[in-house]
Amino acid sequence: MMERALSIRNLKVSYKDREVLKGIDLDIYKNKITAIIGPSGCGKSTLLRCMNRMIDIVEGAKVSGEVLFGGENIYAPGVDPVKIRFKIGMVFQKPNPFPKSIFENVAFGLKINGYTGDIPYMVEKSLRWAGLWEEVKGRLKDDAYVLSGGQQQRLCIARALALEPEVLLLDEPCSALDPVSTLRIEELLLNLKERLTIVIVTHNIQQAARIADYTAFLLDGNLVEFGETSSMFTVPKDKRTEDFITGRFG
Ligand SMILES: Nc1ncnc2c1ncn2[C@@H]1O[C@H](COP(=O)(O)OP(=O)(O)OP(=O)(O)O)[C@@H](O)[C@H]1O
């Protein structure tokens, strides 16, 4: 049987009194790319934010159910969400480098984490993993904002990778990027899955088809269908999945 990086069990989320995730059960397999797709407002970002307790910082959000990581529920009492986020990293829609140098952006997490090893080595390694090293090696002291949008997004990926996470969550990481930068990120994710597990929220069906091993289709807070991308996109089990992936709604 395939190993799971995360197991989500009966996950429910409400904002104030409105339930937006209505009991999700979903397994995220190790060293695979899982895409979460569905129409706007169906709960994709909310589900992703539950996977590393980023949801904790959303005001008014109430979570019930379990997210098992290494056999332990990350919502159990006493679990430190900060530690969880080191192991389950996240990259957002809009590239959000810190107002610091390229080097310091990648080194930041290591420093606040009290890392005592070789920081320059880790910075180089992370930038290589993120496919950015060759482009920035001569200007590590430059401000991160001099980089293009696509490079900034790869820098944010490098920043997350520096902490050697087991899982990387990406919330529409390419939606602010041009097609060439988008393809570079996709290529990068395909290479990265050898090292870690990837979950990506995307509004781009073609992107899911290109890179995801598994796809989860959400609709109105429910998981309608989950399975191998290749079979879901050729023979969807549910009529609603078929309608969505053929562009009839959403
Ligand atoms: N902080 C919040 N407070 C109240 N309601 C929220 C909050 N965040 C999201 N919602 C609502 O919860 C529902 C699910 O939102 P979510 O962002 O998870 O969906 P999504 O599928 O990622 O949407 P999109 O594709 O448009 O980003 C939506 O109806 C949204 O308006």
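Two strands count as paired here when DSSP finds at least two bridges between them. With that in hand, welcome to a few close-up views of this predicted model.

**View 1. Strands β9 and β10 form a hairpin.** Start with strand β9, residues 214–219, and its partner β10, residues 222–228. The two run antiparallel and are joined by six bridges. At one place along this pair, you can find Tyr214 of β9 standing opposite Glu228 in β10. Two residues lie between the strands, and Asp220, in the turn, has a positive phi of about 50°.

**View 2. Six strands make up an open sheet.** Step back from the hairpin, and β9 and β10 turn out to belong to a sheet with the order β6-β7-β8-β3-β9-β10. The pairing within this sheet is mixed. At its edges are β6 (88–91) and β10, each of which pairs on one side only. From one strand to the next, the twist averages 15°.

**View 3. Strands β7 and β8 pair in the parallel sense.** Here the strands to follow are β7, residues 167–171, and β8, residues 197–201. Five bridges link them. For a handy landmark, look for Leu169, whose bridge partner in β8 is Val199.

**View 4. Helix α6 lies across β6 and β7.** This helix covers residues 149–161. Compare its direction with that of β6: α6 runs at about 170° to this strand.

**View 5. Phe86 sits in helix α2.** The helix itself spans residues 81–87. Is Phe86 buried, exposed or partly exposed? Its count is 17 C-beta neighbours inside 10 Å, so Phe86 falls in the partly exposed class, since 20 or more would make a residue buried and 12 or fewer exposed. Leaving aside residues up to four places away in sequence, Phe86 touches Asn113, Leu163 and Pro165. Leu190 makes a useful reference point as well: 104 residues separate it from Phe86 along the chain, and their C-alpha atoms are 21 Å apart.

**View 6. A shell of 13 residues surrounds the ligand.** Which of them come nearest? They are Tyr15, Ser40, Lys44, Ser45 and Thr46. Helix α1, residues 44–50, supplies the largest share of the shell, with three residues. Sorted by class, the shell holds eight polar residues, four nonpolar residues and one charged residue.

Key:
Residues are numbered from 1 along each chain as its sequence is written. This is a predicted model: local features need pLDDT of at least 70, side-chain atom pairs count only at pLDDT 80 or more; totals for chains, interfaces and linings use all residues. Helices (H or I, at least four residues) and strands (E, at least two) are DSSP runs, numbered from the N terminus. Axes are lines fitted to C-alpha atoms, for helices over the stretch in contact, and angles run from 0 to 180 degrees between N-to-C directions. Two residues are in contact if their C-beta atoms, placed from the backbone, lie within 7 Å. A residue is near a molecule or strand if its C-beta atom, placed from the backbone, lies within 6 Å of it. Ala, Val, Leu, Ile, Met, Phe, Trp, Tyr, Cys and Pro count as nonpolar, Asp, Glu, Lys and Arg as charged, and the others, Gly among them, as polar.
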